[in-house]
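The following paragraphs walk through a single protein model. Keep the sequence and the coordinates open while reading.

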Amino acid sequence: MISQGLRASPEGIRAAKTALTDKTWSQHKLATALGITRQPVSKFFAGESVSRSCFVQICQQLGLSWQKVAGLPEDVAFDATPKAQFQGADLDTLVREVCQKRQDKIEDQCNTMQMLDISQTVQLMDIYTNINVLEKITSLEWREVSDLLKDFKSESNFNQLGGYKRQRRLPGLEAVLQHSKLIVLGKPGSGKTTFLQYLAIECNKGKFQPNRIATFIRVKEFAEDAKSDSQFNILNYISEEFLSCGIEKESTKILLSEGKLLILLDGLDEVPVEKADKVTVEIRRFTQSFYKNKFVISSRIAAHKYRFQGFTEVEVADFDQEQVEVFVKNWFVAVALNSREDGEAIGNLFINQLHLPENQHIRELAVTPILLHWICLVFQVRDGFSLNPAKLYEQALNILLVRWDEIRGIKRDRIGCNLTPLSKKKLLCKLASITFEQENYFFEKEKILQLIANCLDTLEGTQLQLDREAVLKAIEVQNGLLVQRAQEIYSFSHLTLQKYFTARKVVEISQVEAWNNLVSHMTEKRWQEVFLLAVSMLSNSDEILQIMKQKIDLLMASDERLQYFLTWLRQKSSSISTNYKAAAVRAFYLVCVEQSSCNRPRTFVYTSGYDLEYALVGNIAFDPELALDEFLFSTVACVDELNFAFEHSLNDVLDHVHAFAIAFDEAINLVVDIKLKQVLQKLKKQLPPIDSNLDKFRDWWQAKGKIWGEQLRNILIKYRNIGYYWQFNEQQKELLQQYYDVNKLLVDCLNSAAYVSPRVRQEIEETLLLAIADIEKVRNSYINS
């Protein structure tokens, strides 16, 4: 039977007009809020008959009792509202029945994942890693660039900036429990869809929100299926979805009216631009009409413009170390199809290698789930992290720029189809090189917009004028390569990508001027990765490596004492009979001298230890002669440490005493020269017993220790040509540190370069760590030969 319409009484009309005025609404705005045409609203205020459902909706929107407005008794029920038919146990029974009928559909929709470059589907519950969310959206906070720089203590914490470090992380499930209406925002590939699928599966199993029915809607598919304006109707969409599971539309309406659904709307940002407004209006209308249900909407953070009334917004946090480890171990079982035991063993190997210092650039990318998946895939194929870093970044960019949307069938606005992925890369190269050169890691919006405008003017192949704000938004929304760290402040999503784009720009130019500019930053630690990336992308690195070597040779050319030291370094190294490269032996003695030449506790100026030696040939201290000298140098260093410790009454004197005893004993044991061994043993006999009485040893050392140390140095100078007091001043020590670091960078570039000619490689290695006079001799020998 068709229910009769209702009309407002004169008193009801007056009350409705008053309520409309209080809300500062027009009749047109009221109709828009209800998602209906203006005609029934006009009839309502004219006192004409309108349908019961429309009448009740208008009154509820105005906050009025529909019975009073119609002039009916308060106990009159709205017979079009099905809730009167179902109460208590009946409603619970209906929920259980519908859950049962929906179970297979939700499993089919949500329990499998199609992962990038993996042919088979993966069970979601086998790979899922719990996410955390931030309760404050970092991009909405008002902060200054100076505030962000205060947090920027080291490159390793770059991903934690813009509020990430300061905020408490809340488990995603807890956030959903706390809020009936939630919007989950996140960067591309941060796990938003996976989280919503997980909610659906857990609800379907009765483990989460057991008294609700999971409903998972891909908003993009909803928009695609709506061929006309009338089809932008979520109620009908859900009703049809439920009908396919054998659930009558009337039952669906009952459940919605009673708030028994967990409605998951995934990918609001994926809706085509031309349909976005209609979808937004319909979501607002639907969530207001059926407000009793629990809603979770997901969207990319940069695409989120419209704020739905009553919804709380949270942001998906980057993976922390624990989440990375859980994901990796799950991945090597569920995706790589290993046994649990083997998968976890490979996962542990992955994690151990990931935390090595040289893999900092990989750790930075691994906080994003989609990139972590791809890194696991590379690790599996190559049995480690052996992929060239430049190729690693290039593949990561292809995922973020093209492939992640491509495999999911998402076509985003390309700003008039002019800004292709290649154009974006060129633009990002320009932006990165300019900002990195100026040491700008964070930039205000107006500045980045001006840079974009300047760059667009010079981009080849960009014929039409592009709106600079639209370009910024496209790179931020579609690819997540630029991110908003706070209101009006941007940065690259990963510092390592800013360095990659900077290196790529240098390679694009490939001119002497560009090489000289790059080499001018050689002593700056923040540029080291740029050098390594650049040489790995060049087809021939001869020219830039030669320019680097020339600048390194001139670094200490004007300091006579340092030149004399380098001459001794060559002489000492040449006296050692070994198969190792001469440059590696020189690097070994360079570090040994620093560790033994301070008249204070040992400070390892060469903080990377024997890295230069390792970069050249590996650990050469296994050579007996070199091992002997290493222990002798250590003994000299321990003598200086003991002098300092006793002089300043340090608490750890006993540790220094034991270190001294061990080093000296090991050195004597390694001595092959009989005369030297006898002299050292005689010198050892002068020492009082070390372990018996520390006070007695202290008294002896304070009286005779310095003289004993001088005797040791004189013996080492005579027999091993080591143990000199070089007495470098602070400026010379700083210069030596720079000299060591840039030589290490040069060797790393040699090892990372895609191609270096044999002649250039040989000349660099043979003249490494030599005084200018010795370098000239080597080069003259090349000319003469």
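**Rings, loops and a small sheet**

The charged end of Arg526 is placed over the ring of Phe436, 4.5 Å from the ring's centre. A second arrangement of this kind involves Arg713, which lies over the face of Tyr725 at 3.8 Å from the ring centre. The model is predicted, and the values given here are computed from it.

As for the overall make-up, the protein has 36 helices and 12 strands. Of its 785 residues, 55% are buried. The accessible surface comes to about 36100 Å², and carbon and sulfur atoms account for 49% of that area. Among contacts with a separation of 6 or more, 73% are between residues 24 or more positions apart.

Aromatic rings also meet one another: the structure holds 40 aromatic pairs. One of these is formed by Phe350 and Phe379, with 5.0 Å centre to centre and 65 degrees between the planes, an edge-to-face geometry. Phe350 belongs to helix α16 (residues 340–354) and Phe379 to helix α18, so the pair ties together parts that are 29 residues apart in sequence. Are these two rings buried or exposed? Phe350 has a relative accessibility of 0% and therefore counts as buried. Phe379 is buried as well, with a relative accessible area of 3%. Elsewhere, ring pairs link Phe646, Phe660, Phe664, Phe697, Trp700, Trp701 and Trp708 into a cluster.

Helix α18 (369–382) leads into a loop that holds Asp383, and α19 (389–406) follows that loop. Asp383 is not a glycine, yet its phi is positive, at about 55 degrees. With 68% relative accessibility, Asp383 counts as exposed because the cut-off for that class is over 50%. Asn721 likewise has a positive phi of about 55 degrees without being a glycine. Its place is in the loop between α33 (694–720) and α34 (730–752). Asn721 has a relative accessible area of 24%, so it is classed as partly exposed.

Another loop to inspect joins α25 (528–537) to α26 (542–555), and Ser541 is located there. What surrounds Ser541? Apart from neighbours within four places in sequence, Ser541 is in contact with Val535, Ala753, Tyr755 and Val756. Ser541 has a relative accessible area of 0% and is therefore buried. A polar atom of the Ser541 side chain lies 3.3 Å from the backbone oxygen of Val535. Val535 is itself one of the buried residues of α25, which also include Glu529, Val530, Phe531, Leu533, Ala534 and Ser536. Helix α25 is mostly covered, since seven of its 10 residues are buried.

The last stop is a sheet. Three strands make up an open sheet in the order β10-β12-β11, with antiparallel pairing. Its edge strands are β10 (443–444) and β11 (482–486), each of which pairs on one side only. Strand β12 (residues 489–492) runs antiparallel to β10 and is joined to it by two bridges. Which residue of β12 is the bridge partner of Glu444? That partner is Ile489. In general, strands of a sheet pair through backbone hydrogen bonds, either parallel or antiparallel.

Note on methods. Residues are numbered from 1 along each chain as its sequence is written. This is a predicted model: local features need pLDDT of at least 70, side-chain atom pairs count only at pLDDT 80 or more; totals for chains, interfaces and linings use all residues. Side-chain values use heavy atoms; hydrogens and water are left out. Helices (H or I, at least four residues) and strands (E, at least two) are DSSP runs, numbered from the N terminus. Buried means under 20% relative accessible area, exposed over 50%, partly exposed in between (1.4 Å probe, protein chains only). A polar contact is a pair of N or O atoms within 3.5 Å; within protein, one must be able to donate a hydrogen and the other to accept it, and residues adjacent in sequence count only if both atoms are side-chain atoms. Contact means heavy atoms within 4.5 Å. Two strands pair if DSSP finds at least two bridges between them. Accessible areas come from the Shrake-Rupley method with a 1.4 Å probe; for residues, only the protein chains shown count as cover. Rings of Phe, Tyr and Trp (its six-membered ring) pair if their centres lie within 6.5 Å; planes under 30 degrees apart count as stacked, over 60 as edge-to-face and the rest as tilted. A charge sits over a ring if NZ of Lys or CZ of Arg is within 6 Å of the ring centre and within 35 degrees of the ring normal.
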